[in-house]
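Thanks for sharing this one. Here are some friendly notes to read alongside the structure.

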Amino acid sequence: MDAKKSEASPVNHRATVERTSERELVVSRTINGPARLVFEAWTRPELFQRWWVPKAAPISLLSCELDVRPGGKYRLVFGINGSEQQVEFFGRYIEVIPPIRIVWTNEEGDEEGAISTVTFEENDGQTLVVVHDLYPSKEALEAAIASGSTEGMPEQLEQLDEFVGTLR
């Protein structure tokens, strides 16, 4: 007898991470939920802060400000667990098309930062989330990879999938 997967059971998706050029990194994962809920989880601060920080990371989100509209700004302040040290990430939104696409800058460094684009493509109640980071140079991407700052996105998207399940 052939074993069949129940149509009612959630599908377990894993994130894919691909360096698509010398300046580009793309992470994608299918989320079990409609694009409108995934978009809300990404754009509403009270929802965003519940899934964004990878559980495996030794950091906590102390402050989350998101003004998700073209020209709006964001600012995230993280605490490094076990120390007084804080790290800030901030930038501005370039393009916002609910519930399809968000484009933002990453301005926390002294040099030009990456431009991040996330797209939400719904199909049969599931949403393919694709995060595309375009770095200003090959060296900037290599530095981000070397620092470990690109490692958290697969876990973040897994947490997003779990969180969206609680919103349904």
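**Notes on helix α4 and the chain around it**

1. A good place to begin is the set of buried residues in α4: Met-153, Gln-156, Leu-157, Gln-159, Leu-160, Asp-161, Phe-163 and Val-164. Please keep in mind that the model is predicted.

2. What do these buried residues pack against? Their partners are strands β2 (24–31) and β8 (126–134), together with helices α1 (35–43) and α2 (45–48).

3. The spacing of such a set is worth a look on the helix itself. Residues three or four places apart point the same way, because an α-helix has 3.6 residues a turn.

4. As for its geometry, α4 covers residues 153–167, 15 residues in total. From first C-alpha to last, α4 reaches 21 Å, close to the 21 Å expected at 1.5 Å a residue.

5. Stepping back, the chain holds eight strands and four helices. Their order along the sequence is β-β-α-α-β-β-β-β-β-β-α-α.

6. On overall dimensions, the radius of gyration is 17 Å, which agrees with the value near 15 Å for a compact globule of 168 residues. Along the principal axes, the C-alpha atoms fill a box of roughly 60 × 35 × 35 Å.

7. Of the 168 residues, 38% are buried. Taking contacts between residues at least 6 apart in sequence, 46% join residues at least 24 apart.

8. Finally, the surface and charges. Carbon and sulfur atoms account for 48% of an accessible surface of about 9900 Å². The chain carries 17 positive and 28 negative charges, and the mean positions of the two sets lie 5 Å apart.

Terms used: Residues are numbered from 1 along each chain as its sequence is written. This is a predicted model: local features need pLDDT of at least 70, side-chain atom pairs count only at pLDDT 80 or more; totals for chains, interfaces and linings use all residues. Side-chain values use heavy atoms; hydrogens and water are left out. Helices (H or I, at least four residues) and strands (E, at least two) are DSSP runs, numbered from the N terminus. The expected span of a helix is 1.5 Å times one less than its number of residues. Buried means under 20% relative accessible area, exposed over 50%, partly exposed in between (1.4 Å probe, protein chains only). Contact means heavy atoms within 4.5 Å. The radius of gyration is taken over C-alpha atoms; the globule rule is 2.2 Å times the number of residues to the power 0.38. Accessible areas come from the Shrake-Rupley method with a 1.4 Å probe; for residues, only the protein chains shown count as cover. Lys and Arg count as positive and Asp and Glu as negative; His and the chain ends are not counted. The place of a charge is taken as NZ of Lys, CZ of Arg, CG of Asp or CD of Glu.
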